[in-house]
Structure formats: C-alpha cells, structure tokens
Amino acid sequence: MSMKMLHTGMTVDNLEDSIRFYQTVFGMELLRKVESTDKRADCAFLRSKDESNEIELVSWRHKSPEEKPKLDHIGFAVPSLDGFLTEVVKYKGTVLRGPQFSRVFETRAARVADPSGIVLEIIEG
C-alpha cells in the first residue's frame, strides 16, 4: 500500500512558547493552529522551509500531573483508510480510535498502535 510520512506529533507544555521556539531556532513556518476534534487540545502545525518535514505540537487543556512533554505520535497519509486499518489488525497492530472525520485534517483519520504500542496517526488522502 502506498503511504507518505505526514508529520511527527509532540505533546508540549506551552503551545505559544513551543511555536516561537521552532520558528526561531529551526526557522519553521507556522501553517495553522486548530482545536482538536474532541476539543480537548490545541494544535499547531509547523513546516520546515524546504517543506520536507512537518511537526504537530499538541497542548492538552487538562493535563494530569504525571503527563510530561513527549513524542506523541507519527503521522502517515494513506489513500484508503479502511484498507490500511485492515492491514494494521492483520499484522498485530491495534486500532485505538476511529476511523472518524477529523476537523484538524478535514478528512477521515484514525489512531493505531504498532505491535510495540507506538502510536501512529493515519490520515486518509
């Protein structure tokens, strides 16, 4: 199945400080800021100047004390979400959420875990 690595998602403590950091230190361009589909987080997407890398910064509105900034997920784009999810399950992955319409991406999306538990965000399109 054809796929494209889409972005790397990171949980951050302060969205504005993190945006400023990646813009200033890495020269990244802010593409958009959006509210998550479930309205529990604010997200910002930044892209490198050469357009080869994109990151998603996620700031959860109500964090528990044990939640720390971390690598949250790796995002991939696939042409067919349903077909891809069938393959995920076939090869010992787990569908964690979705498929559902994502306001963030304006298409269908799902979250899955690989056999080791690493979270992947799969975007249709």
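This briefing walks through some side-chain contacts in the structure above, residue by residue. The model is predicted. We begin with Glu56, a buried residue without a salt bridge, then turn to the aromatic pairs, of which the structure holds two. After that come the salt bridges, which number 11, and finally Val78 in strand 5.

**Glu56 and its surroundings**

- Start by finding strand 4, which covers residues 54-60 and contains Glu56.
- Which side chain of opposite charge is nearest to Glu56? That is Arg111, at 5.0 Å. A salt bridge needs a nitrogen and an oxygen within 4 Å, so Glu56 has none, although Glu56 is buried.
- Glu56 does have polar partners: its side chain makes a polar contact of 3.1 Å with the side chain of His7.
- The side chain of His73 also makes a polar contact with that of Glu56, here at 3.0 Å.
- Setting aside residues up to four places away in sequence, Glu56 touches His7, Thr8, Gly9, Met10, Cys43, Ala44, Phe45, His73 and Glu121. Keep Phe45 and Glu121 in mind, since both names come back below.

**Aromatic pairs**

- How is a pair of aromatic rings described? The description uses the distance of the centres and the angle of the planes.
- The structure holds two such pairs. One of them joins Phe21 and Tyr22 edge-to-face, with 5.1 Å from centre to centre and 90° between the planes.
- Phe21 counts as partly exposed because its relative accessibility is 40%. Tyr22 has a relative accessibility of 18% and therefore counts as buried.
- Phe45 and Phe105 form an edge-to-face pair as well, with centres 5.5 Å apart and an angle of 75° between the planes.
- This pair links distant parts of the chain, 60 residues apart: Phe45 belongs to strand 3 (residues 41-47), while Phe105 sits in the loop between strand 6 (94-102) and strand 7 (107-113).
- Are Phe45 and Phe105 buried or exposed? Phe45 counts as buried because its relative accessibility is 0%. Phe105 is at 16%, so Phe105 counts as buried too.
- Phe45 has a charged partner as well: the charged end of Arg32 sits over the Phe45 ring, 4.1 Å from the ring centre.

**Salt bridges**

- How many salt bridges does the count come to? The count comes to 11 salt bridges, and a few of them are described here.
- In one of them, the side chains of Glu16 and Lys33 meet at 2.5 Å, N to O. Glu16 is in helix 1 (residues 15-26) and Lys33 is in strand 2 (residues 29-35), so this salt bridge ties together parts that lie 17 residues apart in sequence.
- Glu16 has a relative accessible area of 38%, which means that Glu16 is partly exposed. Lys33, at 44% relative accessibility, also counts as partly exposed.
- Another salt bridge brings together the side chains of Arg20 and Asp17, at 2.8 Å from N to O. Both residues belong to helix 1 and are three residues apart, about one turn of the helix.
- Arg20 is partly exposed because its relative accessible area is 48%. Asp17 is at 43%, so Asp17 is partly exposed as well.
- The side chains of Glu121 and Arg111 meet in a salt bridge of 3.6 Å, N to O. This pair links distant parts of the chain, with Glu121 in strand 8 (residues 119-124) and Arg111 in strand 7, 10 residues apart.
- Glu121 has a relative accessible area of 8% and is therefore buried. Arg111 counts as buried because its relative accessibility is 14%.
- Glu35, Asp42, Arg61 and Arg103 are joined into one network by salt bridges that share partners.

**Val78 in strand 5**

- To finish, look for Val78 in strand 5, which covers residues 70-78. Its relative accessible area is 1%, so Val78 is buried.
- Which residues are in contact with Val78, leaving aside neighbours within four places in sequence? They are Ser2, Met3, Phe84, Ile122, Ile123, Glu124 and Gly125.
- Val78 and Leu120 lie 42 residues apart in sequence, and their C-alpha atoms are 12 Å apart in space.

Technical notes: Residues are numbered from 1 along each chain as its sequence is written. This is a predicted model: local features need pLDDT of at least 70, side-chain atom pairs count only at pLDDT 80 or more; totals for chains, interfaces and linings use all residues. Side-chain values use heavy atoms; hydrogens and water are left out. Helices (H or I, at least four residues) and strands (E, at least two) are DSSP runs, numbered from the N terminus. Buried means under 20% relative accessible area, exposed over 50%, partly exposed in between (1.4 Å probe, protein chains only). Lys and Arg count as positive and Asp and Glu as negative; His and the chain ends are not counted. A polar contact is a pair of N or O atoms within 3.5 Å; within protein, one must be able to donate a hydrogen and the other to accept it, and residues adjacent in sequence count only if both atoms are side-chain atoms. Contact means heavy atoms within 4.5 Å. Rings of Phe, Tyr and Trp (its six-membered ring) pair if their centres lie within 6.5 Å; planes under 30 degrees apart count as stacked, over 60 as edge-to-face and the rest as tilted. A charge sits over a ring if NZ of Lys or CZ of Arg is within 6 Å of the ring centre and within 35 degrees of the ring normal.
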